[in-house]
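Grab your viewer and a coffee, and work through the exercises below. Try each task yourself before reading its solution.

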Amino acid sequence: MIDPEIFDRPTHAELATRRSTKWTLFGPDVVPAFVAELDVDLAEPIARALHDAIARGDTGYANPVDLPGAYARFARERFAWEIDPRAISVVPDVMVGVVEALRVLVQPGDAVAINTPVYAPFYTSLEEARVRRVDVPLVRRDDGTYDLDLEGLEAAFAGGVRAYLLCNPHNPVGRAFARATLDAVADLAARYDVVVLSDEIHAPLAYASNPHTAFATCAQRYGARALALVSASKAWNLAGLKCALIVAGDAGVARTLATMPKEVRFRTGHLGAIAATAAFSEGGAWLDALRKHLDRNRHYLTELLSEHIPNISYAIPEATYLAWLDCRELGLGDRPATAFLRDGRVALSAGTDFGAAGAGFVRLNFGTTRAMLREIVARMACAVQAAGIAS
Ligand SMILES: Cc1ncc(COP(=O)(O)O)c(C=O)c1O
């Protein structure tokens, strides 16, 4: 057992020495809570595997022979999802996987559905793959939670959509879709012959209250064509090392994916593959401790907001370390992230980056220490106060 208190250890001063996007995009006076990086020390088995590779000069091209088996064991244990390791392709990252998979699964100009608001690179990746985007907005309930619009999806599928890029669990709204919902999607996909690309990068971070359902397990039951995009990069903070996996849901999809250019595999980071193999095979105890820490943080954020900025509405996410905050009552306009940065020196993701439905929202990354989380909310409260004084 690893004590979740270790995730409160990194200090602001130490974190500020990092050279990653999170810690360098803004000046040193800004507290970053935007991009999905974790403020954690590396899990010990991963650090050991990387140090060992460097000590041996093992820094050539990737040939991740052990990774598919390691992921298949992880998926069986965590998600009761049986995978044949031969159905797995290794790719440099999830979004490269989306683009390369679309290039072989559909034709340029074909219609591809997404559920807005959604992770911003979904928009640009569909452009890169030269497909036509069809938005099927999520449905927002009065309590601030979101779900898929099954009727909207059926209408889109009936209207000629050829592929569907699902975000499961969903970034930014934090929904871990229920099995019954995903079964209904699989049924529709089978009936309209739509191939589903399920981005499951946040799957290890679905909280115990809402366990992750691997879409492929639904697709298999209904005979839908599907693939999953998975990675250790979010849960173990390895995004810069460049390694992700595509898991084909059936033999037909696997055959199509085998026609992706061979170079795609060799563009994967060798250290990323080493780190991902260590994460999936030896990183379970660390992941469990992290999940406890994040679970505590997602509730702590409710406390902090109700104490300091009660006009923000926040539905606690079912997965991810991302909080989708409704700031529309604050009177900070469509892009409150601008006021938070200008007047509070805290960097949040602008809701509009995720689509027009994000106007008045921000996304806050609570994958940090409790002390940093207090600092983030305190700075947001300063910005709200400044706006009150100015108006
Ligand atoms: C839903 C989702 N997909 C993909 C990515 C990016 O993954 P990668 O860096 O492997 O392309 C992220 C990063 O935050 C994400 O939230």
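What follows is a set of five exercises, each with a stepwise solution.

This is a predicted model, so to speak of local features we need pLDDT of at least 70, and side-chain atom pairs count only at pLDDT 80 or more, while totals for chains, interfaces and linings use all residues. Residues are numbered from 1 along each chain as its sequence is written, and side-chain values use heavy atoms, with hydrogens and water left out.

**Exercise 1. The open sheet**

Work out the strand order of the sheet containing S11, S12, S15 and S14, and say which strands stand at its edges.

Step 1: Helices (H or I, at least four residues) and strands (E, at least two) are DSSP runs, numbered from the N terminus. Two strands pair if DSSP finds at least two bridges between them.

Step 2: The order is S11-S12-S15-S14, an open sheet of 4 strands with antiparallel pairing.

Step 3: S11 (313–314) and S14 (349–350) each have a single partner strand, so each is an edge strand with one side lacking a neighbour in the sheet.

Step 4: Zoom in on S14 and S15 (residues 361–365), an antiparallel pair with 2 bridges. Here Ala-350 sits opposite Val-362 of S15.

Step 5: Now add helix H14 (residues 336–344), which lies across S14 and S15 and runs at about 55° to S15. For that angle, axes are lines fitted to C-alpha atoms, for helices over the stretch in contact, and angles run from 0 to 180 degrees between N-to-C directions.

**Exercise 2. Odd backbone spots**

Find the cis peptide bonds before Pro-117 and Pro-169, then look at the phi angles of Ala-80 and Lys-242.

Step 1: Thr-116 and Pro-117 are joined by a cis peptide bond with omega of about -5°. Pro-117 belongs to the loop between strand S3 (111–114) and helix H6 (121–128).

Step 2: Asn-168 and Pro-169 are also joined by a cis bond, with omega about 0°. Pro-169 is in the loop between strand S7 (161–167) and helix H8 (179–192).

Step 3: Ala-80 is not a glycine, yet its phi is positive, about 50°. You'll find Ala-80 in the loop between helix H4 (67–79) and strand S2 (88–91).

Step 4: Lys-242, another non-glycine, has a positive phi of about 65°. Its loop runs between strand S9 (226–230) and strand S10 (244–248).

Step 5: For accessibility, buried means under 20% relative accessible area, exposed over 50%, and partly exposed in between (1.4 Å probe, protein chains only). Ala-80 is exposed because its value is 63%, and Lys-242 is partly exposed at 36%.

**Exercise 3. The largest core**

Which three residues touch the most other members of the largest nonpolar core?

Step 1: A nonpolar core is a set of buried Ala, Val, Leu, Ile, Met, Phe, Trp, Tyr and Cys residues joined through side-chain atoms within 4.5 Å.

Step 2: The three are Tyr-71, Trp-236 and Phe-340, in a core of 80 residues. Helix H13 (residues 284–308) supplies the largest share, 9 residues.

Step 3: Both domain 1 (4–42 + 284–390) and domain 2 (46–282) give this core at least three residues.

Step 4: Pick Trp-236 and skip neighbours within four places in sequence: its contacts (heavy atoms within 4.5 Å) include Leu-42, Phe-74, Phe-280 and Trp-286.

Step 5: Another core, of 33 residues, lies apart from it, with Val-94, Phe-122, Leu-229 and Met-260 among its members.

**Exercise 4. Ring pairs**

Classify the aromatic pairs Tyr-119/Phe-122 and Trp-324/Phe-361.

Step 1: Rings of Phe, Tyr and Trp (its six-membered ring) pair if their centres lie within 6.5 Å; planes under 30 degrees apart count as stacked, over 60 as edge-to-face and the rest as tilted. The whole structure has 13 aromatic pairs.

Step 2: Tyr-119 and Phe-122 are edge-to-face, because their planes are at 85°, with centres 6.1 Å apart. Tyr-119 is partly exposed at 29%, whereas Phe-122 is buried at 0%.

Step 3: Trp-324 and Phe-361 are stacked, 5.0 Å centre to centre with 15° between the planes. Trp-324 is in strand S12 (residues 322–326) and Phe-361 in S15, so this pair ties together parts 37 residues apart in sequence.

**Exercise 5. Helix H9**

Name the buried residues of helix H9 (residues 215–222) and what they pack against.

Step 1: Phe-215, Ala-216, Thr-217, Cys-218 and Ala-219 are the buried ones.

Step 2: They pack against S7, H8, strand S8 (195–199) and S9.

Step 3: Just after H9, Gly-223 has a positive phi of about 70°.

Definitions and conventions:
Domains from an automatic or database assignment.
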